[in-house]
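Hi,

Here is the structure I said I would pass on. Have a look at it first, and then read on for what turned up.

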Amino acid sequence: MKARLTIPLILLLIVLMSVTATGSDKIKVSIAGGYNDVAAFWDGSVYFVSLSELADILGGTLTWTTVGHRVEYKDIGFKFNFLLDSPFFVLNDTSYNMTYAAGLRQGQLFVPVATLLPFLDRVTPQKLSWSRAERTIRVDSEYFNVNDLSIQAKANGVLIELHLSTALAYEVFVTEGNWINISMRDARINRSRVLSRKDNRLMRNLKVHQVENNTGQVSIRLRQKPDKWHHKLVHDPTRIQISITDVDFELDTSPTPILGPDDKIDVIVVDAGHGGDDYGAIGSRGTREKDVVLNIAKKLASLIRKDKKFKVIMTRDRNKTVSLERRAEIANQAGADLFISIHANASPKKRVRGWNVFFLAPALNDSARSVEQLENSFFLRESHQSQNPSPSDAFEDPILSILNEMIMTEFQAESNDFALMVDREFRRRLDTPARGVDQAGFFVLNKVFTPSVLIEAAFISNKSEENLLKSKKYQEKVAKGIYEAIKRFKGKYEND
Ligand SMILES: [Zn+2]
């Protein structure tokens with residue numbers, strides 16, 4: 001065994017040496033009309049790209065496990081597991097070979113571009129393609145024309161909607177085993193997005209088929225046989241609507257939505273992070289997190305206020321210090337149905353960009369943990385009167401024991417669901433990279449007795465995002481996205 005292990009090691013050393021000889025390089029990623037550079041190198045026969053950096057652009061999270069030999073990269077609908085120095089990887093429980101081994105270089109995971117990209121393309125919501133001649137990875141989010149699925153229980157049945165970017169010729173038919181199938185011509189289905197809508201309370205199974213000649217099919221296995229159903233193509237936004245009116249939808253009630261005392265979702269608490277002496281993170285041009293998040297919060301509050309179905313409460317509407325306890329108290333006294341905390345992210349790596357939506361639960365990876373630590377450190381500073389807690393101080397604080405287990409489990413499903421709704425709106429509206437939904441243990445959320453999320457609207461530590469955060473247009477887009485998600489949440493969880 002020993003001898004067999006040393007040979008790959010020697011080979012690896014040779015490869016590493018030749019790599020050093022060829023030097024580092026960059027690959028361009030073309031996305032949303034702009035370019036990003038990501039670390040890459042040429043090993044003499046193929047290009048390797050830093051998946052750590054590419055993941056920053058595409059969204060999802062990269063986690064190192066078991067002392068760094070195994071790396072997991074996941075997002076909604078997919079999970080890759082790479083082994084260092086092995087060409088084999090596991091994608092959603094199936095093993096594949098990318099011919100060239102994944103490797104570690106300056107703390108980042110590098111993978112062969114040409115052979116891995118087709119796998120990434122299959123599972124990410126964007127269309128990915130690689131041009132070796134231009135040394136460019138193209139990310140085309142306009143590729144899909146079947147973008148999303150929603151299925152909702154109604155008083156008299158169930159409503160299925162398939163969201164399209166353009167009208168498509170389609171056919172609906174029912175097959176053995178309670179399957180309802182929507183077959184579409186020239187369909188390019190956003191597979192991972194559609195599959196992420198699988199809701200066991202409403203369906204037994206969900207499948208997406210993409211046939212060579214561009215026929216696409218979405219199949220939903222219902223809990224009951226549908227006999228009476230009709231369909232139509234509706235516009236604005238374009239979608240195929242199928243209503244099934246003869247099934248009294250017996251919800252499989254796990255998990256049960258837990259709602260406020262009146263079962264109405266109408267009291268929304270908007271929490272602008274930081275304020276007063278707490279500046280939050282500061283950008284390189286001096287932009288303060290506390291100011292930009294207040295602007296976003298005000299824009300969100302005014303959107304909600306105009307909608308007579310809601311009542312909005314802000315934890316602060318000007319530049320003042322509000323303690324963590326006070327924020328939670330405001331929410332709890334108001335009988336909040338949703339608590340939305342707005343922040344801007346920061347990283348010592350200036351190139352890191354994108355937005356995140358977090359809900360309260362123990363952090364599962366380094367990137368979520370670092371955001372948790374950053375946001376909590378401001379409060380630790382406040383409550384411990386420690387001038388400048390080092391990150392390790394924040395770490396030693398037993399975050400998990402501080403978290404109120406009950407709140408976590410009680411509202412986790414709804415918080416997660418609301419986070420996904422915000423994620424969906426942001427992906428549609430914001431040009432900034434999606435870092436997606438994640439979970440972390442934020443102090444500000446753990447005393448609030450209602451579904452809650454913490455939103456990092458962009459990175460204030462990145463120059464271009466610092467400018468975005470200051471711009472009215474971006475602030476409005478973020479506010480609009482959250483507002484649309486609130487309406488969605490009300491539609492899903494309110495008993496009418
Ligand atoms: Zn913050």
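So, to start with the basics: how many helices and strands does the secondary structure of the chain come to? The count is 12 helices and 26 strands. Keep in mind while you read that this is a predicted model. The chain has 496 residues, of which 41% are buried. As for contacts between residues at least 6 apart in sequence, 64% of them join residues at least 24 apart.

Now the helix pair I'd look at. In general, two packed helices are described by the angle between their axes and the distance between the axes. Helix H5 (residues 289-306) packs against helix H12 (residues 472-493) with the axes 8 Å apart and at an angle of about 45°. That angle makes H5 oblique to H12, and the crossing of H5 past H12 is right-handed. On the H5 side, the contact is made by Asn295, Ile296, Lys299, Leu300, Leu303 and Ile304. H12 puts in Gln475, Glu476, Val478, Ala479, Lys480, Ile482, Tyr483 and Ile486. Sorted by class, the contact of H5 with H12 has 9 nonpolar, 2 polar and 3 charged residues.

Just ahead of that, in the loop between helix H11 (463-470) and H12, you'll find serine 471. Is serine 471 buried or partly exposed? With 13 other C-beta atoms within 10 Å, serine 471 counts as partly exposed. Its C-alpha atom is separated by 9.8 Å from that of asparagine 295, though the two are 176 residues apart along the chain. Asparagine 295 is also one of the H5 residues in the contact with H12.

H11 itself has four names to note: Glu465, Glu466, Leu468 and Leu469 are its buried residues. They cover an arc of only 160° around the axis, so they sit on the same side of H11. What covers them includes H5, H12, E23 and strand E26 (452-459).

E23 turns up again with helix H6 (residues 324-334). The buried residues of H6 are Arg327, Ala328 and Ala331. Why do they line one face of the helix? Seen down the axis of H6, they fall within an arc of 95°, so one face is where they end up. Arg326 and Gln333 are exposed, on the other side of H6. Among what covers the buried residues are strand E21 (267-272) and strand E23 (338-345). After H6 comes glycine 335, with a positive phi near 65°.

On to the backbone oddities, which you may want to see for yourself. Most residues other than glycine have a negative phi, and most peptide bonds are trans. Aspartate 236 goes against the phi part of that, with a positive value near 65°. The peptide bond from aspartate 236 to proline 237 is cis, with omega near -5°. Where is proline 237? It lies in the loop between strand E19 (229-234) and strand E20 (239-244), and aspartate 236 is found in that loop too. Aspartate 236 is exposed, as there are 5 other C-beta atoms within 10 Å of its own.

Aspartate 85 is another residue with a positive phi, about 65°, although it is not a glycine. Its place is the loop between strand E6 (78-83) and strand E7 (88-91). Having 15 other C-beta atoms within 10 Å, aspartate 85 is partly exposed.

Two strand residues to finish with. Phenylalanine 41 lies in strand E2 (residues 34-42) and is buried, with 21 other C-beta atoms within 10 Å. The cut-off for that label is 20 or more, so the count of 21 for phenylalanine 41 meets it. Proline 112 is 71 residues from phenylalanine 41 along the chain, with the C-alpha atoms separated by 9.5 Å.

The other is leucine 159, in strand E14 (residues 157-164). Leucine 159 is partly exposed, with 15 other C-beta atoms within 10 Å. Which residues is leucine 159 in contact with, leaving aside its neighbours within four places in sequence? They are Gln152, Lys154, Gln241 and Ser243. From leucine 159 to serine 243 is 84 residues in sequence and 4.6 Å in space, C-alpha to C-alpha.

Cheers

How values were computed
Residues numbered from 1 in each chain as written. Predicted model: local features only at pLDDT ≥ 70, side-chain atom pairs only at ≥ 80, totals over all residues. Helix = DSSP H or I, 4+ residues; strand = E, 2+ residues; numbered from the N terminus. Buried ≥ 20, exposed ≤ 12 C-beta atoms within 10 Å, placed from the backbone. Contact = placed C-beta atoms within 7 Å. Arc of directions from axis to C-beta. Axes fitted to C-alpha atoms, helices over the stretch in contact; angles between N-to-C directions. Parallel < 35°, antiparallel > 145°, perpendicular 65-115°, else oblique. Left-handed = near helix turned anticlockwise from the far one by under 90°. Nonpolar A, V, L, I, M, F, W, Y, C, P; charged D, E, K, R; others polar.
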